[in-house]
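Here is a short briefing on one protein chain. The points are grouped by topic, for reading next to the coordinates.

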Amino acid sequence: MNFEILGKAADNYLVYKEVKGNHRISVYDHNMQLREEVPLTILPKRDDILDISFYNIDNHRHLLFQHQEGDVVYLKSVPIEANGRILSEPTVLDTTMIAYKTDNKIYSIVTSNDGSRLMVFKINKKDKSLFRFTTKLFNASLQPISESRFSLPMEYKGDYLTGHSVANDGSYSFIKYHRQTNGNIVDAALIEKPAGKDTYEEHKLNVNDLFLDDIKLMVDDASGRYLLSSFYSTKKRGDIEGLYVYGLEKTRVKQLSKKLLYLMKI
């Protein structure tokens, strides 16, 4: 069973559940006693659904789903009422034409810390040496704000992307790094794309003094920083020794103002 807690809606608590392709919203009262099971009849057939996610902001909840019809993959949304019901037809947020039947989602979705921005992005990886990005930014009502396209050079093997994030102002950021055949991470960079622009800036990061496991990224809007973290070791193929956190002020990112917040041993 797959499930997701959607939270409180009026006097109810809503939980999404999926069991063997049957989708429903379970509605509970304030004592967590089940009031009703509401089937989600607006969803396509099980074999056509590629992904289901949710967007919650204030007292509003939206179901977002991807599905394929013929050569087109659709990303759609519907609002969920406080009683767990869906009373409107799905709204198309974006479409992508593909020439094959896919079992994988096309779109990835990230939301800002304050929930005021939702970004949908897709990456065309047909050319392994040049990934082509399309991003679409929405406000809290899922009305489109802007759409951008850009390309990012990649090595065929060893280059990875991680930590996709969107800030409260709609800017998009993520980490690109190269993992050597021995497992070491080198040539890490912060990719920063302002909202509404088709250009990005690449800021090299000095992370080669330790052996990192993986790099996570969070936009800390409250303090105006990017926070990067990773488990680390001090020797090749060594045991994990602790947690490395790297703070980078957004306003000084071009100067790479690096601040080591803490190096915590396990």
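Strands β14 and β15 run antiparallel and are joined by seven bridges. The model they belong to is predicted. The protein chain has 21 strands and zero helices. Two open sheets, one pocket and two buried residues are taken up below.

**Overall build**

- The protein chain has 266 residues, and 45% of them count as buried.
- Along the principal axes, its C-alpha atoms fill a box of roughly 55 × 45 × 35 Å.
- Take the contacts with a separation of 6 or more: residues 24 or more positions apart account for 37% of them.
- Strands of a sheet pair through backbone hydrogen bonds, in either a parallel or an antiparallel sense.

**Sheet β13-β14-β15-β16**

- Four strands make up this open sheet, in the order β13-β14-β15-β16, and the pairing is antiparallel.
- Its edge strands are β13 (159-166) and β16 (201-204), each of which pairs on one side only.
- From one strand to the next, the twist averages 25°.
- β13 is joined to β14 (residues 172-179) by six bridges, and the two run antiparallel.
- Across that pair, leucine 161 stands opposite lysine 176 in β14.
- In the β14 and β15 pair, histidine 178 has valine 186 of β15 as its bridge partner.
- The hairpin of β14 and β15 has five residues between the strands. Glycine 183 takes a positive phi near 95° there.
- On the other side of β15, four bridges join it to β16, again antiparallel.
- Isoleucine 191 stands opposite glutamate 202 in β16.

**Leucine 190 and the enclosure of β15**

- Is leucine 190 buried or exposed? Leucine 190 is buried, because its relative accessible area is 0%, and the cut-off for buried is under 20%.
- This leucine lies in β15, which spans residues 185-193.
- Eight of the nine residues of β15 are buried, so the strand is largely enclosed by the rest of the structure.
- Leucine 190 and isoleucine 109 are 81 residues apart along the chain, and their C-alpha atoms are separated by 19 Å.

**Sheet β5-β6-β7-β8**

- This open sheet also has four strands, ordered β5-β6-β7-β8, with antiparallel pairing.
- β5 (49-57) and β8 are the edge strands, and each pairs on one side only.
- The twist here averages 15° from one strand to the next.
- Eight bridges link β5 with β6 (residues 60-69) in the antiparallel sense. Phenylalanine 54 stands opposite leucine 63 in β6.
- Nine bridges pair β6 with β7, also antiparallel. Glutamate 69 stands opposite valine 72 in β7.
- The hairpin of β6 and β7 has two residues between the strands. Glycine 70, in the turn, has a positive phi of about 65°.
- β7 and β8 run antiparallel and are joined by six bridges. Valine 73 has threonine 96 in β8 as its bridge partner.

**Serine 77 and the enclosure of β7**

- Serine 77 sits in β7, which covers residues 72-80.
- Why does serine 77 count as buried? Its relative accessible area is 5%, and buried means under 20%.
- Which residues does serine 77 touch, leaving aside those up to four places away in sequence? They are Leu63, Leu64, Pro90, Thr91, Leu93 and Leu142.
- Seven of the nine residues of β7 are buried, so the strand is largely enclosed by the rest of the structure.

**Largest pocket**

- The volume of the largest pocket is about 730 Å³.
- Its lining has 29 residues. Lys122, Ile123, Asn124, Lys125 and Lys126 lie nearest the centre of the pocket.
- By class, the lining has 12 nonpolar, eight polar and nine charged residues.
- Which strands each supply at least two residues of this lining? They are β8 (91-97), β10 (118-124), β11 (130-138) and β13.
- Two of these strands also belong to the sheets above: β8 is an edge strand of β5-β6-β7-β8, and β13 is an edge strand of β13-β14-β15-β16.

How values were computed
Residues are numbered from 1 along each chain as its sequence is written. This is a predicted model: local features need pLDDT of at least 70, side-chain atom pairs count only at pLDDT 80 or more; totals for chains, interfaces and linings use all residues. Side-chain values use heavy atoms; hydrogens and water are left out. Two strands pair if DSSP finds at least two bridges between them. Axes are lines fitted to C-alpha atoms, for helices over the stretch in contact, and angles run from 0 to 180 degrees between N-to-C directions. Buried means under 20% relative accessible area, exposed over 50%, partly exposed in between (1.4 Å probe, protein chains only). Contact means heavy atoms within 4.5 Å. On a 1 Å grid over the protein atoms alone, a cavity is a set of points where a 1.4 Å probe fits but cannot get out, and a pocket is an open set with protein on both sides within 12 Å along at least five of seven lines; lining residues have an atom within 4 Å of a point. Grid points are joined across faces, edges and corners, and a volume is the space filled by probe spheres set on the points. Ala, Val, Leu, Ile, Met, Phe, Trp, Tyr, Cys and Pro count as nonpolar, Asp, Glu, Lys and Arg as charged, and the others, Gly among them, as polar.
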